[in-house]
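Here is a short tour of a protein and the ligand it holds. Take a look at the structure first, and then we can go through it together.

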Amino acid sequence: MEKFIIHGGIPLKGEVTIGGAKNAAVAILPATILAGGKCVIENLPCISDVMASLQILSELGADIRMLSRSSYAIDTSRVDLTEVSNELSRQMRASYYFLGALLGRFGQAQVAMPGGCNLGPRPIDQHLKAFTALGGVDSVEYGMIRVKAESLHGAHIFFDTVSVGATMNAMLAAVFADGLTVLENVAREPHVVDLANFLNMMGADVYGAGTDVIKIHGVQRLHGCTYSIIPDQIEAGSYMVAAAATGGDVTVRNVTPKHLEPISVKLRAAGCEVEEFDDSVRVRRTGALQPLKIKTMPHPGFPTDMQPLMTVLLSLAKGTSIVTESIWENRFRYVDELIHMGANIKVDGQVAVIEGVDHLRPAPLRATDLRAGAALVVAALAADGLSELEETSHIDRGYENMVEKLQDLGADIRRIETPIATITRAM
Ligand code: EPU
């Protein structure tokens, strides 16, 4: 077990460089299976979800070589297994992308029910609906998902709900399907476009990613390629909010400012200055924070993965804010931790009403999931004094070198080993 020790109250200042997008990387790595050849993937973030994806590829028979800290050569020509081990499947949500990729190449796949953050129910009915429409037969028994197809054929699929995972899984399964596949009511997130670009660079025929209809003409085969993953929208947004919450001045480098607009707009409305450059943004806060109304929505709406971070920021605003979570049923679990820090937040179902307070108090804290963990780091950085954050492995799933990056911005934060969970809290 590890924990973060954070002496908060220091405004963050300087520059931070953002890594590749987690939610693109965890789909693009399984997609290399479709190449049946050698791909070089660049700008891979060094996070535990990426390491787990590489390990799954290796167990399936891929030959993997590390070229640099963020580039890997992956040769999937000798992949011959179609079952992902239970232990690795359960480590992360994104193991479900191996279903689409293995089904697409081999006509069969088996993956244990995926793990990941506990944000309430996380059904996969829309993934299975797409596989079935393409000619697959699925079964879910004893926590194991199996999909099999004699042959895959193009289909017209209208998703009942906008799902990032189902959209990308359907794309993976459809690239070799005979004829035309039309996916309607799809997710438009930047990582959906990144996956389409990667598939096309390997020779696929995917059109329309970034709109709500994607068309895929099945091809006979793909080939390897070299591909660089887009910057991580949520990692960038997290440092932007950290700058704002600590009253700092931070330039966030290696980003696509267009992908950050839903976040930049809200930070400006909260009274922060956000300047956009070609591949960086600068966030400054000198005055008081203003309250906001925020509702999470699929892209290009405000991203749910930024919701816990914005709630932390708004707990320091002058007035009443309302944050509505419309994607996940249970994404306010971290609020109890903020209340221990002196925040005034009332949650009723999917809505949090936040009465801003002058300051947050340091406290012993526990990360309940990935983004909640990042939000609590920001809360601790803003609170004057010593906070300790446990269960930081959640954070390592999605943020590379968070401690080092924050230290470079002047934060007083370090990571220490703890033999067992030692959290204590005054009642
Ligand atoms: N949904 C269904 N049926 C399905 C799939 C989804 O009803 O078959 C519902 C979900 O219950 C949810 C909504 O549709 O209410 C959206 O779920 P989506 O499928 O888009 O989520 P996901 O693909 O499982 C990805 C990210 C999440 C992010 C969401 C929404 C990955 C690995 N995860 O999850 O990221 O919150 O999209 O943008 O890409 C994170 O990075 O911290 C994280 C949780």
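A residue counts as near a molecule if one of its heavy atoms lies within 4 Å of it. With that in mind, 25 residues surround the ligand, and Q126, S163, V164, D305 and I327 come nearest. This is a predicted model, where local features need pLDDT of at least 70 and side-chain atom pairs count only at pLDDT 80 or more, while totals for chains, interfaces and linings use all residues. Residues are numbered from 1 along each chain as its sequence is written, and side-chain values use heavy atoms, with hydrogens and water left out.

**Polar contacts with the ligand**
- A polar contact is a pair of N or O atoms within 3.5 Å.
- The side chain of D125 places an N or O atom 2.8 Å from a nitrogen atom of the ligand.
- K22 has a polar side-chain atom 3.2 Å from an oxygen atom of the ligand.
- For N23, an N or O atom of the side chain is 3.2 Å from an oxygen atom of the ligand.

**The shell around the ligand**
- Helices here are DSSP runs (H or I, at least four residues), and strands are runs of E with at least two, numbered from the N terminus.
- The helices α1 (22-31), α5 (125-133), α6 (164-174) and α12 (370-382) are the elements that give two or more residues to the shell.
- The largest share, 3 residues, comes from α5.
- Domain 1 (2-19 + 231-417) and domain 2 (22-228) both give residues to the shell, so the ligand lies between them; the domain bounds come from an automatic or database domain assignment.

**Backbone details away from the contacts list**
- H299 and P300 are joined by a cis peptide bond, with omega about 10 degrees.
- P300 lies in the loop between β17 (293-295) and α10 (307-314).
- N254 is not a glycine, yet has a positive phi of about 60 degrees.
- The loop between β14 (249-253) and α9 (257-269) is where N254 is found.

Methods: A polar contact is a pair of N or O atoms within 3.5 Å; within protein, one must be able to donate a hydrogen and the other to accept it, and residues adjacent in sequence count only if both atoms are side-chain atoms.
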